[in-house]
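This briefing goes through the helices, a few individual residues and the pocket space of one protein model. Please keep the sequence and the coordinates open beside the text while reading.

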Amino acid sequence: MNRLKELRKEKGFSQIKMQLLTGIDQSDYSKIERGKRYYTFEQCKKIALALDTSMDYLAGLTDEKKPYPRIKQ
């Protein structure tokens, strides 16, 4: 979960800010960052959107931080 913490700090976000952006409780978010808890698909999606990255980057499947082009809804 190092990538998660690094990205959050790069953006200048606190864990409280991430709670506001994602709806994930701060204590749960802290556990996710420390690897004490896994996130769900939906939580991963919300985190990727908040940090402007891809779910693949968060999962360690790519080293490219930039998100994929998004579909306009």
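A helix here is a DSSP run of H or I that holds at least four residues, and helices are numbered from the N terminus. By that definition Lys45 has its place in helix α4. The model is a predicted one, and every value below is computed from it. The points that follow begin with the helices and their buried faces, continue with single residues, and end with the pocket.

**Helix α1**

- The buried residues in α1 are Leu4, Leu7 and Arg8, and because they cover an arc of only 100 degrees around the axis, they sit on the same side of α1.
- On the face of α1 that is turned away from this buried side, the exposed residues Asn2, Lys9 and Glu10 are found.
- The cover over the buried residues of α1 includes α2, α3, α4 and α5.
- After α1 comes Gly12, which has a positive phi near 80 degrees.

**Helix α2**

- In α2 the buried residues are Gln15, Met18 and Thr22, and they fall within an arc of 50 degrees when seen down the helix axis, so they line one face of α2.
- Among the elements that cover the buried residues of α2 are α1, α3 and α4.
- The residue that follows α2 is Gly23, again with a positive phi, in this case near 80 degrees.

**Helix α3**

- Helix α3 spans residues 26–33, and Tyr29, Ser30, Ile32 and Glu33 are buried in it; seen down the axis, the buried residues of α3 fall within an arc of 160 degrees, so they line one face of the helix.
- Those buried residues of α3 pack against α1, which covers residues 2–11, and also against α2 and α4.
- Gly35 follows α3 and has a positive phi, near 75 degrees.

**Thr22, in helix α2**

- Thr22 belongs to helix α2, which is made up of residues 15–22, and it counts as buried because its relative accessibility is 5%, where the cut-off for buried is under 20%.
- The side chain of Thr22 reaches the backbone oxygen of Met18 at 2.6 Å, while a polar atom of the Thr22 side chain also lies 3.1 Å from the backbone nitrogen of Ile24.
- When neighbours within four places in sequence are left aside, Thr22 is in contact with Lys46, Ile47 and Ala50.

**Thr53, between α4 and α5**

- Thr53 is placed in the loop between α4 and α5, and with a relative accessible area of 2% it is buried.
- A polar atom of the Thr53 side chain lies 2.6 Å from the backbone oxygen of Lys65.
- Not counting residues up to four places away in sequence, Thr53 touches Leu7, Ala48, Leu58, Lys65, Pro67 and Arg70.

**Lys45 and Tyr38**

- Lys45, in helix α4, is partly exposed, since its relative accessible area is 39% and partly exposed is the class between under 20% and over 50%.
- Lys45 and Met55 are 10 residues apart along the chain, and their C-alpha atoms are separated by 6.4 Å.
- Tyr38 is placed in the loop between α3 and α4, and its relative accessible area of 71% makes it exposed.
- The C-alpha atoms of Tyr38 and Lys11, which are 27 residues apart along the chain, are separated by 22 Å.

**The largest pocket**

- The largest pocket holds about 330 Å³ of space, and of the 13 residues that line it, Lys45, Leu49, Tyr68, Arg70 and Ile71 are the closest to its centre.
- Two elements, α4 (41–50) and α5 (55–59), give two or more residues to the lining of the largest pocket, and the largest share, 3 residues, comes from α4.
- By residue class, the lining of the largest pocket divides into 7 nonpolar, 3 polar and 3 charged residues.
- Lys45 thus appears among the residues closest to the centre of the largest pocket, and Arg70, also in that group, is one of the residues that Thr53 touches.

How values were computed
Residues are numbered from 1 along each chain as its sequence is written. This is a predicted model: local features need pLDDT of at least 70, side-chain atom pairs count only at pLDDT 80 or more; totals for chains, interfaces and linings use all residues. Side-chain values use heavy atoms; hydrogens and water are left out. On a 1 Å grid over the protein atoms alone, a cavity is a set of points where a 1.4 Å probe fits but cannot get out, and a pocket is an open set with protein on both sides within 12 Å along at least five of seven lines; lining residues have an atom within 4 Å of a point. Grid points are joined across faces, edges and corners, and a volume is the space filled by probe spheres set on the points. Ala, Val, Leu, Ile, Met, Phe, Trp, Tyr, Cys and Pro count as nonpolar, Asp, Glu, Lys and Arg as charged, and the others, Gly among them, as polar. Buried means under 20% relative accessible area, exposed over 50%, partly exposed in between (1.4 Å probe, protein chains only). A polar contact is a pair of N or O atoms within 3.5 Å; within protein, one must be able to donate a hydrogen and the other to accept it, and residues adjacent in sequence count only if both atoms are side-chain atoms. Contact means heavy atoms within 4.5 Å. The arc is that of the directions from the helix axis to the C-beta atoms.
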